[in-house]
Amino acid sequence: MQQLTFQLERDHVELNQLLKLSGLCDSGGAGKALVASGEVHVDGQRELRKTCKIHAGQTVQLGDVEIRVL
């Protein structure tokens, strides 16, 4: 499994934007489509809310890529 880290500069980041900023998709719209497909998990649970607020300490998984948010 590939592990990435993402350093927050604010209180939170929206899930679709995190996927974009981490390089897992080309745009926020593509990130929304990935979330809607049911392939994204936050802290081990399937997440279908496209603009779910992700905070430091959470882990996002898409396929074999895991993003740790710091």
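# A guided tour from leucine 18 outwards

Start by selecting leucine 18, which touches Phe6, Val13, Ile54, Val60, Ile67 and Val69 when residues up to four places away in sequence are left out. As you follow these contacts, keep in mind that the model is predicted.

Next, widen the selection to the largest nonpolar core, which has 17 residues, and in which Leu15, Leu18, Leu19, Val40, Ile54 and Val60 touch the most other members. Two or more residues of this core come from each of α1 (15-21), α2 (28-36), β3, β6 (59-62) and β7 (65-69), and α1 gives the most, with 3 residues. In soluble globular proteins, nonpolar side chains tend to be buried together.

From the core, move to valine 69, which has its place in strand β7 and is buried, with a relative accessible area of 3%. Show its surroundings and, again not counting residues up to four places away in sequence, you will find that valine 69 touches Phe6, Leu8, Leu18, Ile54, His55, Ala56, Gly57 and Gln58. If you then draw a distance from the C-alpha atom of valine 69 to that of glutamate 14, the separation is 12 Å, although the two residues are 55 residues apart along the chain.

Now select α2 and colour its buried residues, which are Gly28, Gly31, Leu34 and Val35. These residues lie on the same side of α2, because they cover an arc of only 110° around the axis. An α-helix has 3.6 residues a turn, so residues three or four places apart point the same way. What covers the buried residues of α2 includes α1, β3 and β6, and these elements can be shown together with the helix. Just after α2, stop at glycine 38, which takes a positive phi of about 85°.

A second positive phi is worth a stop at aspartate 43, where the value is about 50° although the residue is not a glycine. To find aspartate 43, look in the loop between β3 (40-42) and β4 (45-46); its relative accessible area of 43% means that this residue is partly exposed.

Turn next to the charged pairs, of which the count comes to 2 salt bridges. For one of them, select arginine 49 and glutamate 47, whose closest N and O atoms are 2.8 Å apart. Arginine 49 counts as exposed at 53% relative accessibility, whereas glutamate 47 is buried, with a relative accessible area of 11%. For another, select arginine 68 and glutamate 66, whose side chains meet in a salt bridge at 3.2 Å, N to O. Here arginine 68 counts as partly exposed at 38% relative accessibility, while glutamate 66 is buried, with a relative accessible area of 12%. Side chains of opposite charge can pair when their charged atoms come close.

Finish with the cysteines, bearing in mind that a search of the whole structure finds 0 disulfides. Select cysteine 25, which is in no disulfide and whose nearest cysteine sulfur, that of cysteine 52, is 15 Å away. Cysteine 25 is buried, with a relative accessible area of 10%, and cysteine 52 also counts as buried, at 8% relative accessibility. A disulfide needs the two sulfur atoms within 2.5 Å, and cysteine 52 is likewise in no disulfide, with the sulfur of cysteine 25 as its nearest at 15 Å.

Note on methods. Residues numbered from 1 in each chain as written. Predicted model: local features only at pLDDT ≥ 70, side-chain atom pairs only at ≥ 80, totals over all residues. Heavy atoms only, no water. Buried < 20%, exposed > 50% of the residue type's maximum accessible area, 1.4 Å probe, protein only. Helix = DSSP H or I, 4+ residues; strand = E, 2+ residues; numbered from the N terminus. Core = buried A, V, L, I, M, F, W, Y, C linked by side-chain atoms within 4.5 Å. Contact = heavy atoms within 4.5 Å. Arc of directions from axis to C-beta. Salt bridge = Lys/Arg side-chain N within 4 Å of Asp/Glu carboxyl O.
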